[in-house]
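Student: I am new to this structure and would like to go through it slowly, one question at a time. Could we begin with the way its copies are arranged?

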Amino acid sequence: MTVEATEAGTLRALLDREAIRDLGYRFADACNRRDMVAFRALWIPEGVWDIGAPKTFRSEGIETIAGTCSYLLALWDFFVQMPHAPVITVEGDRATSSWTMTEHANNAEQNQGYLNYGMYDDVCVRTPEGWKYKSRSYRYIYLDESAAPGMPHGFFAPPRV
Amino acid sequence: MTVEATEAGTLRALLDREAIRDLGYRFADACNRRDMVAFRALWIPEGVWDIGAPKTFRSEGIETIAGTCSYLLALWDFFVQMPHAPVITVEGDRATSSWTMTEHANNAEQNQGYLNYGMYDDVCVRTPEGWKYKSRSYRYIYLDESAAPGMPHGFFAPPRV
Amino acid sequence: MTVEATEAGTLRALLDREAIRDLGYRFADACNRRDMVAFRALWIPEGVWDIGAPKTFRSEGIETIAGTCSYLLALWDFFVQMPHAPVITVEGDRATSSWTMTEHANNAEQNQGYLNYGMYDDVCVRTPEGWKYKSRSYRYIYLDESAAPGMPHGFFAPPRV
């Protein structure tokens with residue numbers, strides 16, 4: 001009985017970690033597909049999205065956050081976010097996650113690229129609809145704004161089958 | 001008893017997700033090691049591998065798929081596939097997975113590079129030997145064919161210890 | 001009863017895989033934050049860290065390994081490690097993991113970059129404090145030492161919240 005209880009707890013811990021990692025993967029997937037419905041579903045209504053220097057901004061509330069994301073994605077001919085190395089800590093109904101990130105985007109007309117590395121530090125909360133982002137805070141490690149030499153191809157990816 | 005049944009179901013769901021994610025990681029690992037035995041083990045015999053513009057092709061059946069993969073890898077001095085952001089949906093014995101991808105390759109003699117971002121949309125099926133790919137469909141987001149400035153080093157990686 | 005035993009075993013297998021993958025993610029996270037306390041916690045005292053040509057070295061023992069890591073990180077204005085495609089095999093209290101890796105670093109003053117792809121082949125062991133690295137062995141696939149054109153930004157990331 002104790003063993004079973006422990007195993008149920010362990011299973012729940014694995015499920016929590018899986019769900020929190022999934023948030024980060026779905027965030028990238030939604031940005032890369034420009035799927036704002038999927039993007040909005042990752043946040044609690046009062047979420048906070050905070051980006052550090054040199055592109056500093058802070059968006060509070062899901063309406064503002066979604067508007068900011070749409071605005072940012074529309075700047076680029078293509079945008080790709082690639083999340084790496086999730087480190088997750090769960091404490092009851094709150095959790096933190098950390099990611100090392102690569103992003104690459106380009107606007108050919110303006111001869112403006114956007115290749116960067118950074119780190120996300122997140123606070124996640126358990127809701128009746130599953131784990132959601134309460135906050136995501138980005139810090140740049142490196143930023144290269146030289147224009148990308150390649151060509152975008154059909155970046156309006158179709159929805160998943 | 002109900003709880004135990006639910007937990008068994010939950011555990012199975014986690015195992016399914018782990019196995020489907022593992023397919024994508026092993027696909028990249030097999031390509032990066034040029035290990036065609038490992039590559040073939042990921043597909044059902046009647047699998048379909050489909051790549052979109054501007055490198056359009058479609059390979060049907062494991063023999064054709066493995067031949068295509070060997071052919072493509074032989075074009076390059078090095079080839080690296082880096083899968084990101086798996087998003088998985090399991091429905092019984094069928095599942096879909098989506099990945100954001102980076103690939104980088106080069107052929108110095110031909111002054112030809114191959115740096116690209118794209119997305120894989122996959123259909124996976126449960127078989128007696130575990131989950132396998134039924135289809136993988138790739139769509140390019142960005143392609144840069146300028147030559148890579150660096151040097152390849154021992155890309156015939158040894159088999160795993 | 002048999003089913004329960006099997007499920008306990010399956011749950012343990014999932015936990016093992018999660019913990020071994022977590023080692024690789026925490027290794028990258030610790031390097032990217034220059035957090036040597038976190039870095040040291042990933043190794044057994046008698047660990048071995050081995051890097052292949054053209055940057056060949058071999059460090060034995062956690063003191064030497066940690067010293068080497070600090071020395072290497074101090075060479076760069078920024079350093080980012082991005083691990084991909086973990087392939088894990090667990091056999092009792094020993095496991096192997098394999099990763100495809102991207103690393104990017106730069107020293108602007110010396111006009112020296114460090115963009116590389118490679119593969120880690122690891123041996124992990126189960127200890128009373130959880131899974132740890134017994135050895136990590138890196139083989140380069142590609143190395144580009146041309147200077148990075150962008151700018152580093154606050155790479156001394158804060159500790160996780």
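Student: By what rotation is chain A superposed on chain B?

Tutor: This is a predicted model, in which local features need pLDDT of at least 70 and side-chain atom pairs count only at pLDDT 80 or more, while totals for chains, interfaces and linings use all residues. Residues are numbered from 1 along each chain as its sequence is written, chains are lettered from A and ligands numbered from 1 in the order in which they are written, and side-chain values use heavy atoms, with hydrogens and water left out. Copies are superposed by least squares on the C-alpha atoms of residues with pLDDT of at least 70 in both. With an RMSD of 0.0 Å and 0.0 Å of shift along the axis, chain A is brought onto chain B by a rotation of 120°.

Student: What kind of axis has that relation?

Tutor: In general, two copies of a chain are related by a rotation about an axis and a shift along it. Here the rotation is 120° and the shift 0.0 Å, and that is the relation of a three-fold axis.

Student: Why is it said that the copies meet through different surfaces, and what percentage supports this?

Tutor: Contact means heavy atoms within 4.5 Å, and by that rule 32 residues of chain A touch 29 residues of chain B. The copies meet through different surfaces because, of the interface residues of chain A, those that are also interface residues in chain B make up only 19%.

Student: How much area is buried between chain A and chain B, and which three residues of chain A supply the most of its side?

Tutor: Buried area is the accessible area (1.4 Å probe) that two parts lose on being put together, summed over both. Between chain A and chain B this comes to about 2700 Å², with 62% given by carbon and sulfur atoms. On the chain A side, 22% of the buried area is supplied by three residues, more than by any other three, and they are A:Glu18, A:Tyr25 and A:His153.

Student: Which residue of chain B meets A:Glu18 in a salt bridge?

Tutor: A salt bridge is a side-chain nitrogen of Lys or Arg within 4 Å of a carboxyl oxygen of Asp or Glu, and the rule finds 4 of them across the interface of chain A and chain B. In one of these, at 3.0 Å from N to O, the side chain of A:Glu18 meets that of B:Arg21.

Student: Which element gives the most to the side of chain A that touches chain B?

Tutor: Helices (H or I, at least four residues) and strands (E, at least two) are DSSP runs, numbered from the N terminus. The elements of chain A that each supply at least two residues to this side are α1 (2-33), β3 (78-91) and β7 (151-152). With 14 residues, the most comes from α1(A).

Student: In β6(B), which residue is the bridge partner of A:Pro152?

Tutor: Two strands pair if DSSP finds at least two bridges between them, and 2 bridges join β7(A) to β6 (residues 130-144) of chain B, the strands running antiparallel. In β6(B), A:Pro152 has as its bridge partner B:Tyr142.

Student: Turning to chain C, which residues of chain A lose the most area to it?

Tutor: This contact takes 30 residues from chain A and 32 from chain C. The area buried between them is about 2700 Å², of which 63% is given by carbon and sulfur atoms. Together accounting for 22% of what the chain A side buries, the residues that lose the most are A:Val87, A:Ile141 and A:Tyr142.

Student: Which residue of chain C meets A:Asp121 in a salt bridge?

Tutor: Between chain A and chain C the count is 4 salt bridges. In one of them, at 3.1 Å from N to O, A:Asp121 meets C:Arg33.

Student: Which residue of β7(C) does A:Leu143 stand opposite?

Tutor: The strands β6(A) and β7 (residues 151-152) of chain C run antiparallel and are joined by 2 bridges. In β7(C), the residue opposite A:Leu143 is C:Met151.

Student: Where is B:Pro54, and what is the omega of its cis peptide bond?

Tutor: B:Pro54 lies in the loop between β1 (43-51) and β2 (57-60) of chain B. The cis peptide bond joins B:Ala53 to B:Pro54, and its omega is about 10°.
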